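Work through the exercises below with the sequence and the coordinates at hand. Each task is followed by a solution in steps.

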Amino acid sequence: RILGPVWGYAASGLFAGLVSSTAATLSLSTMAKKDPEIRGPVATGIVLANVSSAAAQLVVVAIACVPLLLPTGKVLGAAAVVGLTATLGAMLMPGMHKDSAVMELESPLALRSSLKFAGLLALVFLVASLAGTLLGDRAVLGTAVLGGTVSLHAVSLAISTLADGGELSISLAVLAILLGFLANMTVKLVLVAWAGGTRLFLLVAPPRLGMIGSAVACYIWLVR
């Protein structure tokens, strides 16, 4: 509220994305549907939530598996740069200033959220480890995709931990995190369309697709 709608929604999305970009996407999309006049500012907040989420994955990787940081940083970093550039450009455009209610988010330190994350992390870690041992690389990638639809943080941490322990190669770990990222982005695009409507989707989709495309292109460049 102090920053105004344009910078306020941007800041809300940026910081909320560090905790849960999916929750931020759903919350902001719902607000935009209730008040269509704030679609522009809300769209920037949604995209920035994904930018900060991509950055958060790099922090997770850096803590869990340092050798994985450089290749993953190039892939997710490319996506973050595209999203940030598109958002800053949109924020400088006229016609985005409209007062509205303050966004409400669940505390990232809430016990229920922490327990859910811990449980999901344990599940992803267990399934990915067993899949890699019993079924091979494809099963690990499938687990990353399924996990990414729920929590990209859990996927990044589980895959990085397995890579650090030598159970996954660095190249396979990068691909698994990328697939988790793509699954997560796809789910959030669906959420925007469902909770925010078609017009908000049309605002959010181009930068989101740009982020997806840049991440994929960077990965292809790395493995070529």
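Buried means under 20% relative accessible area, exposed means over 50%, and partly exposed covers what is in between (1.4 Å probe, protein chains only). The model is predicted, so local features need pLDDT of at least 70 and side-chain atom pairs count only at pLDDT 80 or more, while totals for chains, interfaces and linings use all residues. Residues are numbered from 1 along each chain as its sequence is written, and side-chain values use heavy atoms, with hydrogens and water left out.

**Exercise 1. Confidence**

Task: State the mean pLDDT of the protein, and find which element has the lowest mean pLDDT and which the highest.

Solution. Step 1: pLDDT is the predictor's confidence in each residue, from 0 to 100. Its mean over the protein is 81, and 76% of the residues reach 70 or more. Step 2: Elements are DSSP runs numbered from the N terminus, helices being H or I with at least four residues and strands E with at least two. Helix H4 (residues 111–134) has the lowest mean, 50, and helix H8 (residues 198–223) has the highest, 95. Step 3: Over residues 96–115 pLDDT stays under 50. With contact taken as heavy atoms within 4.5 Å, the model has 37 contacts beyond four places in sequence for this stretch.

**Exercise 2. Overall make-up**

Task: How many helices and strands does the protein have, and what percentage of its residues is buried?

Solution. Step 1: The count is eight helices and zero strands, in the order α-α-α-α-α-α-α-α from the N terminus. Step 2: Of the 224 residues, 46% are buried. Step 3: Among contacts with a separation of 6 or more, 78% join residues 24 or more positions apart. Step 4: The accessible surface, from the Shrake-Rupley method with a 1.4 Å probe (for residues, only the protein chains shown count as cover), comes to about 10,900 Å², and carbon and sulfur atoms hold 70% of that area.

**Exercise 3. The nonpolar core**

Task: Which members of the largest nonpolar core touch the most other members, and which element gives the largest share?

Solution. Step 1: A nonpolar core is a set of buried Ala, Val, Leu, Ile, Met, Phe, Trp, Tyr and Cys residues joined through side-chain atoms within 4.5 Å. Step 2: The largest one has 48 residues, and Val42, Leu68, Ile159, Phe181, Leu200 and Val204 touch the most other members. Step 3: Two or more residues of this core come from each of H1, H2 (39–64), H3 (69–91), H5 (137–148), H6, H7 (170–196) and H8. Step 4: H7 gives the largest share, 11 residues.

**Exercise 4. Two serines**

Task: Are Ser29 and Ser156 buried or exposed, and what do they touch beyond four places in sequence?

Solution. Step 1: Ser29 lies in helix H1 and counts as buried because its relative accessibility is 0%. Step 2: Ser29 is in contact with Val42, Ile46, Val192, Ala195, Gly196 and Leu200. The C-alpha atoms of Ser29 and Val192 are 5.7 Å apart, although 163 residues separate them along the chain. Step 3: Ser156 is in helix H6 and is buried as well, at 0% relative accessibility. The contacts of Ser156 are Gln57, Val60 and Ile177.

**Exercise 5. Asp164**

Task: Which residues does Asp164 contact outside its neighbours within four places in sequence?

Solution. Step 1: Asp164 belongs to helix H6 (residues 152–164). Step 2: Its contacts are Ala64 and Cys65. Step 3: Cys65 is 99 residues away along the chain, with 5.0 Å between the C-alpha atoms of Cys65 and Asp164.

**Exercise 6. Partly exposed positions**

Task: Where do Thr186 and Pro36 lie, and what is the relative accessibility of each?

Solution. Step 1: Thr186 is in helix H7 and is partly exposed because its relative accessibility is 44%. From Thr186 to Leu209 the C-alpha distance is 9.2 Å, at 23 residues apart in sequence. Step 2: Pro36 sits in the loop between H1 and H2, and it is partly exposed at 37%. Pro36 and Gly196 are 160 residues apart in sequence, with a C-alpha distance of 9.1 Å.
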